[in-house]
Amino acid sequence: MMNKRAGVLLASLVITSAAFAILPAYSQNGGKPPSSGQPAYASRPPLANLEIGAQICGADPLPGETKDEFNSRAERENNTPDWIWDDLDAMQAAPKNMTFTLRQVGNDRVLLANGGIDDNAADRLKTALRNYSPVNEVWFNSPGGNSFVGVQMGDILRQNMVTTRVKAGSGCASACSTAFLGGMMRRVEPGAAYGVHMFTTEISDGTAKAISDQSKGGKSSSQQMYNDIQWLGAKGATERLQYVQRMGVSTHWLDVWSSTRPGCMTFLSQDEMHRFFVNNIE
């Protein structure tokens with residue numbers, strides 16, 4: 001049987017401007033958030049399994065997945081280290097809309113970016129960086145959200161030449177993993193989860209009706225709709241490639257991103273993050 005924390009599928013990333021989705025709750029304690037509602041940023045013991053990665057797709061069979069393939073995947077996901085589940089809980093406990101809070105950490109001014117990447121998160125980030133200037137680092141704890149806004153946030157972070165970090169006990173997934181790459185210097189600590197997957201587009205009721213109507217128009221209409229979908233997908237992938245290259249990250253990151261279906265999440269290992277230049281400082 002699959003770990004009940006994987007009983008709910010990872011939400012697919014929404015790239016529309018009107019709405020976004022974040023990770024649903026994963027929990028062995030009923031999904032109860034920390035009493036403070038804030039990530040703990042706790043230090044963790046230097047255990048070897050804090051360096052490994054994982055992929056999680058949830059408790060339901062994937063399209064085209066055989067029974068044997070499902071059982072094999074379920075066994076693999078059951079062996080996902082507890083700290084990854086804990087980090088998922090920390091992301092889920094974050095606010096729906098991202099908040100930005102300044103904290104003085106030693107000599108550094110740190111901006112805590114906590115919550116989902118909503119449609120207006122990039123505007124609030126720009127305002128926070130201006131109002132709290134100078135900001136040395138931005139620490140993320142986020143389950144993701146609007147993919148387009150994640151790219152906008154990354155560009156804003158790069159313009160401000162700040163360092164981005166995910167602390168042990170926190171996580172950064174989906175659109176957050178994209179925004180994170182905007183840091184001039186970047187560090188995902190051992191014991192912090194960094195998850196990527198291919199985005200999806202949430203269609204409106206009107207679009208769903210248009211697709212249905214076109215499908216009734218015969219093969220020609222359906223072919224045109226299929227061509228449009230292919231074009232939009234290729235366009236989005238090209239834009240993401242340009243962004244990744246602009247941020248100085250290896251295209252191997254894009255390989256993992258594009259090969260991880262929206263219903264799944266791949267959490268990169270420390271080795272992968274170093275090889276892909278996601279982590280570029282110790």
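Helix H3 passes helix H4 in a right-handed crossing. This is a predicted model, so read everything I say with that in mind. H3 covers residues 121-131 and H4 covers residues 147-159; the two pack at about 20°, and their axes are 8 Å apart. Angles under 35 degrees count as roughly parallel, and H3 and H4 are therefore roughly parallel to each other.

Who makes the contact? On the H3 side there are Ala121, Ala122, Leu125, Lys126 and Leu129. H4 contributes Val149, Gln152, Met153, Ile156 and Leu157. By type, that contact comprises eight nonpolar residues, one polar and one charged.

Now the disulfides. There are two in the structure. Taking the bonded cysteines of the protein chain in sequence order, they pair 1-4 and 2-3.

The 1-4 pair is Cys57 with Cys264. Their sulfur atoms are 2.0 Å apart, and with 110° about the S-S bond the link is right-handed. Where do these two cysteines sit? Cys57 is in the loop between strand S2 (54-56) and helix H1 (67-78), while Cys264 is in the loop between helix H8 (251-259) and strand S11 (265-267), so the disulfide ties together parts that are 207 residues apart in sequence. Both Cys57 and Cys264 are buried.

The 2-3 pair is Cys172 with Cys176, again with an S to S distance of 2.0 Å. Here the torsion about the S-S bond is about -110°, so this disulfide is left-handed. Cys172 and Cys176 are both buried.

To recap: a right-handed link at Cys57 and Cys264, a left-handed one at Cys172 and Cys176, and a right-handed crossing of H3 and H4.

Definitions and conventions: Residues are numbered from 1 along each chain as its sequence is written. This is a predicted model: local features need pLDDT of at least 70, side-chain atom pairs count only at pLDDT 80 or more; totals for chains, interfaces and linings use all residues. Side-chain values use heavy atoms; hydrogens and water are left out. A disulfide is a pair of cysteine sulfur atoms within 2.5 Å. Helices (H or I, at least four residues) and strands (E, at least two) are DSSP runs, numbered from the N terminus. Buried means under 20% relative accessible area, exposed over 50%, partly exposed in between (1.4 Å probe, protein chains only). Axes are lines fitted to C-alpha atoms, for helices over the stretch in contact, and angles run from 0 to 180 degrees between N-to-C directions. Angles under 35 degrees count as roughly parallel, over 145 as roughly antiparallel, 65 to 115 as roughly perpendicular and the rest as oblique. A crossing is left-handed if the near helix is turned anticlockwise from the far one by less than a right angle, and right-handed if clockwise. Contact means heavy atoms within 4.5 Å. Ala, Val, Leu, Ile, Met, Phe, Trp, Tyr, Cys and Pro count as nonpolar, Asp, Glu, Lys and Arg as charged, and the others, Gly among them, as polar.
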